Amino acid sequence: MPKWNVRRRPGRMLGLLLLVILSFLVLRRVNWHRLTPLWMRQRRLGLQAKGQNFMLEDSAFWIFGGSVHYFRVPREYWRDRLLKMKACGLNTLTTYVPWNLHEPERGRFDFSGNLDLEAFVLLAAEVGLWVILRPGPYICSEMDLGGLPSWLLQDPDMRLRTTYKGFTEAVDLYFDHLMVRVVPLQYKHGGPIIAVQVENEYGSYNKDPAYMPYVKKALEDRGIVELLLTSDNKDGLSKGIVDGALATINLQSQNELQFLTTFLLSVQGVQPRMVMECWTGWFDLWGGPHSILDSSEILETVSAIVDSGSSINLYMFHGGTNFGFISGAVHLQDYKSDVTSYDYDAVLTEAGDYTAKYTGLREFFGSISGAPLPAPPDLLPKTAYEPVMPALYLSLWDALPYLEEPVTLEKPLNMENLPINGGNGQSFGYTLYETTITSSGILSACVRDRGQVFVNTVSIGFLDYKRKKIVIPLVQGFTVLRILVENCGRVNYGTNIDDQRKGLIGNIYLNDSPLKKFKIYSLDMKKSFFQRFHADKWNPLPDVPVLPAFFLGPLLVSFSPRDTFVKLEGWEKGVVFINGQNLGRYWNIGPQETLYLPGAWLDQGLNQLRDRLAVSPGHCLRGEDGGSGGTVHGNTLPGPAPVHELSGPQASRRGGSRRSLLTAGRPAAAPSVPPLGSQALALPTAAVQTLPCRTGEARWGQGRAPL
């Protein structure tokens with residue numbers, strides 16, 4: 001065999017040198033050295049369950065994790081939130097993967113912008129965090145349909161979260177696209193993903209014993225080689241376990257810890273224990289109270305979990321926001337939809353600010369870390385902006401000619417089965433049903449979730465889960481009957497997710513006779529929806545707008561944009577847009593009183609603020625200070641900036657004082673019964689959009705928003 005001679009093969013040497021340089025440049029993108037000590041760079045074994053300990057390669061490893069969902073945080077703020085996690089003493093990020101956002105239409109996938117999962121995972125590695133991925137396909141997470149795409153419900157026989165062929169075929173196609181992106185990010189391939197969860201809390205659903213083995217195999221067949229996990233709460237733990245995956249538990253109180261860990265010992269022997277979801281707070285529902293969990297209780301629970309020898313993941317470390325229409329709902333005794341904010345009373349606020357929980361947990365994890373923690377990053381600046389007066393307006397009825405051609409059908413059809421969006425139906429937003437009637441009487445219908453009824457253009461009331469009938473007043477000749485139906489959020493948890501079709505369900509009856517010949521308009525409120533309303537279509541704002549309506553106003557930012565909160569005092573119900581970004585729903589039944597507006601979504605100069613489908617118009621956005629920074633648990637950290645509010649014109653006309661957005665960081669009380677106002681629609685240009693019910697101003701605010 002001839003000897004290799006460097007002098008005879010200069011090309012090989014040069015090629016080898018170029019390869020080394022190229023490898024160095026690629027690896028520079030991710031600071032693996034902060035993640036991986038020299039002795040662990042070989043990456044042979046990954047995270048293992050050995051006896052009562054986790055092992056990463058040949059060393060004992062404790063998972064100190066926190067949940068942050070990339071799709072609930074503006075991409076511009078990902079690094080800020082992850083650096084704050086690292087500074088709190090955590091070493092692992094957990095995140096869900098929302099199928100409904102990544103495959104909004106069957107076979108069309110989106111991993112761009114705020115949905116760039118790969119960029120988020122690589123950023124976690126760069127910051128110095130390991131990753132536990134929770135890809136579903138069902139994730140719950142208080143998302144519409146638990147993160148499952150609504151087009152699955154086009155099949156009348158669909159059985160979600162089972163091995164029903166129509167469901168598994170869709171899952172297989174989704175996993176084919178998702179796992180191609182995930183596999184290279186695994187630990188054994190040089191990435192930060194050390195474990196992957198098999199589905200989510202299936203024991204609480206448990207409709208098909210073959211389902212969990214199917215999901216596990218689907219992951220493994222597509223190249224998932226890291227440690228597999230399941231997670232269940234106390235109600236589902238006994239039924240959610242699958243062979244070959246380590247069972248973990250979800251809880252909020254340390255009182256549950258002993259029972260659950262004893263149960264785990266009985267079913268899977270001596271294995272590492274982990275609380276996959278230690279709930280740091282809870283989500284809120286429209287019309288309900290604001291959930292608050294005391295920081296001292298969280299600290300006691302976390303301490304008890306770690307002292308018991310368990311690894312832990314804080315759910316949520318930072319909740320973020322249900323931007324747009326992605327929030328889900330619960331339907332136990334009654335249907336209630338989730339609010340826009342996913343603040344969750346978590347360790348970081350919705351705007352990424354520190355809390356007493358953060359300070360206490362940082363002290364705790366710092367005391368057991370064995371090394372000094374990084375300094376907490378400074379808070380992102382916040383501000384109050386000058387008042388914004390909606391200047392232009394367009395009633396829904398005047399807007400109809402500019403929408404896509406309505407679907408014409410003999411009978412009403414639910415949103416998901418409308419022949420639109422390439423045959424994928426409508427996922428989110430509003431649907432308007434029109435037909436003609438010739439007599440008065442009792443109108444009855446199954447409406448999901450909230451339908452405003454109009455005779456011609458006059459609102460006569462609402463239909464919903466409890467109000468299934470309404471009196472149609474005396475009419476003369478042919479009269480247009482209209483029902484504007486809002487999808488308020490599909491149920492995200494429970495056994496009735498198969499029944500979450502929205503719009504009009506089945507026939508609608510007038511005096512027990514089914515109505516026929518419908519025009520159906522889709523008002524899905526996508527960005528393309530508002531592009532139809534050119535400047536010449538808008539009208540000056542009248543003294544008495546015809547509702548529902550869209551409202552448009554300019555927000556001038558004369559300095560570098562900063563975070564703020566929008567408060568809509570005097571507005572009843574609607575959706576707010578800024579520069580085409582959907583900030584989410586507002587509703588005066590509370591408990592949420594403000595909408596978080598990231599400064600990253602503002603431009604220096606003129607911004608378009610739109611209120612879509614407002615239940616009554618607001619007149620101006622007004623700002624005022626009302627708070628200060630402070631200390632948390634004795635540790636001086638950057639405090640929240642002053643708070644400002646969006647309040648209604650009624651308050652200013654009365655000359656009354658304006659309430660601060662914050663009441664010691666907690667929401668002000670809100671009425672529990674929704675008013676029966678007329679609904680309105682609204683749009684943005686560099687402005688705020690909302691669905692209000694009474695004339696009102698909007699104001700800007702800083703700090704933690706009251707819910």
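In strand β9, Ala247 is the bridge partner of Thr230. The model is predicted. Thr230 belongs to strand β8, which spans residues 227-232. Strand β9 covers residues 246-251, and four bridges join it to β8. The two strands run parallel. In general, strands of a sheet pair through backbone hydrogen bonds, in either a parallel or an antiparallel sense.

Strand β8 has a second partner. Strand β7, residues 193-197, pairs with β8 over three bridges. This pairing is also in the parallel sense. Here Gln197 has Leu229 of β8 as its bridge partner. Between β7 and β8 in the unit comes helix α7, made of residues 211-221. Together, β7, α7 and β8 form a β-α-β unit, and the unit is right-handed.

Strand β8 is mostly covered, with six of its six residues buried. Its side chains fall into two sets. Leu227, Leu229 and Ser231 point one way from the strand. Leu228, Thr230 and Asp232 point the other way. Both sets are buried. Thus Leu229, the partner of Gln197, and Thr230, the partner of Ala247, point opposite ways from β8.

A separate description applies to strands β1, β2 and β3. These three form an open sheet in the order β1-β2-β3, with antiparallel pairing. The edge strands are β1, residues 47-50, and β3, residues 59-61. Each edge strand pairs on one side only. From one strand to the next, the twist averages 45°. Strand β2 consists of residues 53-56, and four bridges join it to β1. The strands β1 and β2 run antiparallel. Within this pairing, Ala49 has Phe54 of β2 as its bridge partner.

Helix α10 comprises 14 residues, 356-369. From its first C-alpha to its last, α10 reaches 20 Å. This is close to the 20 Å expected at 1.5 Å a residue. The N-terminal end of α10 is capped by Thr355. A side-chain oxygen of Thr355 lies 3.2 Å from the backbone nitrogen of Lys357. Lys357 is itself one of the buried residues of the helix. The others are Tyr358, Thr359, Gly360, Leu361, Phe364 and Phe365. An α-helix has 3.6 residues a turn, so residues three or four places apart point the same way. Just after α10 comes Gly370, with a positive phi of about 80°.

Methods. Residues numbered from 1 in each chain as written. Predicted model: local features only at pLDDT ≥ 70, side-chain atom pairs only at ≥ 80, totals over all residues. Heavy atoms only, no water. Pairing = 2+ DSSP bridges. Axes fitted to C-alpha atoms, helices over the stretch in contact; angles between N-to-C directions. Buried < 20%, exposed > 50% of the residue type's maximum accessible area, 1.4 Å probe, protein only. Right-handed = clockwise from strand over helix to strand, strands pointing away. Expected span 1.5 Å × (residues − 1). Polar contact = N/O pair within 3.5 Å; in protein donor to acceptor, adjacent residues only side chain to side chain.
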